[in-house]
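User: I would like to learn how to read a structural model feature by feature, with the general idea put before the particular case. Could we work through one together?

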Amino acid sequence: RSIAREMLDHGEVFLGTRATASHFQSVAQVASDARYFEEPHLLVVDRRAERPAVGHIVVVTGGTADHPVAEEAAISAEVMGNRVTRLFDVGIAGVHRLLAHQELLHSARAIIAVAGMEGALPSLVTGLVSCPVIAVPTSVGYGANLGGIAALLTMLNSCASGLAVVNIDNGFGAAAMATRINRPMVAPEA
C-alpha cells in the first residue's frame with residue numbers, strides 16, 4: 001500500500017504485476033480507482049486523461065492456457081499507451097487459424113507471441129512478418145515441458161531473424177520491449 005501511495009503521489013500510473021486479491025484490497029484503501037485483473041494478476045491505477053493509443057502491437061497465443069501471460073502483456077502494453085489487438089488460440093496445431101490473420105499480423109509494429117508446450121509459435125510468426133517479434137515462453141504444458149524450460153529453449157534456438165525472447169511467463173517484460181519498438185524515440189533536447 002505504501003509503495004502505491006508513494007508512486008501515485010509522484011505520478012498518475014501504478015501498474016503492479018503478480019498481484020493478488022489481497023494486494024488489490026490493500027491498494028484500494030489508498031486508491032479507490034484501482035482495478036484488479038484476476039487472470040493476469042495485474043493491479044492498475046491510471047489517472048491520466050484519455051489519450052489516443054499509439055501504433056499497433058498484436059499479442060498472439062498458441063492456446064487457452066497461455067491467456068493469463070498474454071493478458072499480462074496486452075494490458076501492460078495498453079497501460080503503456082499502445083494500441084493492442086489480441087489474437088488468441090492460433091497455435092501451430094491448427095496453423096490455418098494463424099494464417100487466416102496475416103493482414104492483421106502485417107499491420108503490427110511489434111508482435112508479442114506467447115506460447116507454452118514446445119514454443120514453436122514465435123518462430124512461425126517471425127517467418128511471416130517483417131516487424132520484430134517478442135517471444136514469451138509460458139510455464140504451462142505437459143510431458144517434458146519442464147515448467148517452461150522446453151519452450152524457452154526452443155525460442156532461444158530459433159533461426160528466425162527478428163525474434164527476441166523474454167523469460168518464462170514475463171508478459172510485462174514483453175510489453176515493455178514491444179512499447180520501445182512501437183513508440184518512436186524522442187531525442188532529449190540539448
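**Reading the model step by step**

Analyst: Let us begin with burial, bearing in mind that this is a predicted model. Thr 126 has a relative accessible area of 5%, and because buried means under 20%, Thr 126 counts as buried.

User: Where does Thr 126 lie, and which residues is Thr 126 in contact with, leaving aside its neighbours within four places in sequence?

Analyst: Thr 126 belongs to helix 6, which covers residues 121-128. Once its neighbours within four places in sequence are set aside, its contacts are Val 133, Ala 160, Ser 161, Gly 162 and Leu 163.

User: And how should I read a residue such as Glu 6: what does its relative accessibility of 46% count as?

Analyst: Partly exposed lies between the buried limit of 20% and the exposed limit of 50%, so Glu 6, at 46% relative accessibility, counts as partly exposed. Glu 6 is part of helix 1, and its C-alpha atom is separated by 26 Å from that of Ala 174, which stands 168 residues apart from Glu 6 along the chain.

User: Next, the sheets. In what order do the strands of the open sheet run, and which strands stand at the edges?

Analyst: A general point helps first: in a regular strand, side chains alternate between the two faces of the sheet. Here 3 strands form an open sheet in the order 1-3-2, with antiparallel pairing. Strand 1 (13-16) and strand 2 (35-37) are at the edges, and each has a single partner strand, so one side of each is left without a neighbour in the sheet. From one strand to the next, the twist averages 15°.

User: How many bridges join strand 2 and strand 3, and which helices pack on the sheet?

Analyst: Strand 2 and strand 3 (residues 42-46) pair in the antiparallel sense over 3 bridges, and Tyr 36 stands opposite Leu 43 in strand 3. Helix 1 (residues 2-10) packs on the sheet, where it touches strand 1 and strand 3, and its direction makes about 150° with that of strand 1. Helix 3 (residues 67-79) also packs on the sheet, touching strand 1, strand 2 and strand 3, and its direction makes about 10° with that of strand 3.

User: Do strand 4 and strand 5 pair in the parallel or the antiparallel sense?

Analyst: Strand 4 and strand 5 (residues 82-87) pair in the parallel sense, over 5 bridges, and Ile 57 stands opposite Val 84 in strand 5. Strand 4 (residues 54-61) is mostly covered, as 6 of its 8 residues are buried.

User: Which backbone angles deserve a second look?

Analyst: Most residues other than glycine have a negative phi. Arg 18, however, has a positive phi near 55°; Arg 18 sits in the loop between strand 1 and helix 2 (21-28) and is partly exposed, with a relative accessible area of 47%. Asp 89, which is not a glycine either, has a positive phi of about 60°; Asp 89 lies in the loop between strand 5 and helix 4 (95-99) and is partly exposed at 25%.

User: Finally, what volume does the largest pocket have, and which residues are closest to its centre?

Analyst: Rolling a probe the size of a water molecule over the atoms shows where empty space is left. The largest pocket has a volume of about 300 Å³. It is lined by 17 residues, and the closest to its centre are Gly 62, Gly 63, Asp 66, Gly 116 and Met 117. By class, the lining of the largest pocket consists of 8 nonpolar, 6 polar and 3 charged residues.

Conventions: Residues are numbered from 1 along each chain as its sequence is written. This is a predicted model: local features need pLDDT of at least 70, side-chain atom pairs count only at pLDDT 80 or more; totals for chains, interfaces and linings use all residues. Side-chain values use heavy atoms; hydrogens and water are left out. On a 1 Å grid over the protein atoms alone, a cavity is a set of points where a 1.4 Å probe fits but cannot get out, and a pocket is an open set with protein on both sides within 12 Å along at least five of seven lines; lining residues have an atom within 4 Å of a point. Grid points are joined across faces, edges and corners, and a volume is the space filled by probe spheres set on the points. Ala, Val, Leu, Ile, Met, Phe, Trp, Tyr, Cys and Pro count as nonpolar, Asp, Glu, Lys and Arg as charged, and the others, Gly among them, as polar. Helices (H or I, at least four residues) and strands (E, at least two) are DSSP runs, numbered from the N terminus. Buried means under 20% relative accessible area, exposed over 50%, partly exposed in between (1.4 Å probe, protein chains only). Contact means heavy atoms within 4.5 Å. Two strands pair if DSSP finds at least two bridges between them. Axes are lines fitted to C-alpha atoms, for helices over the stretch in contact, and angles run from 0 to 180 degrees between N-to-C directions.
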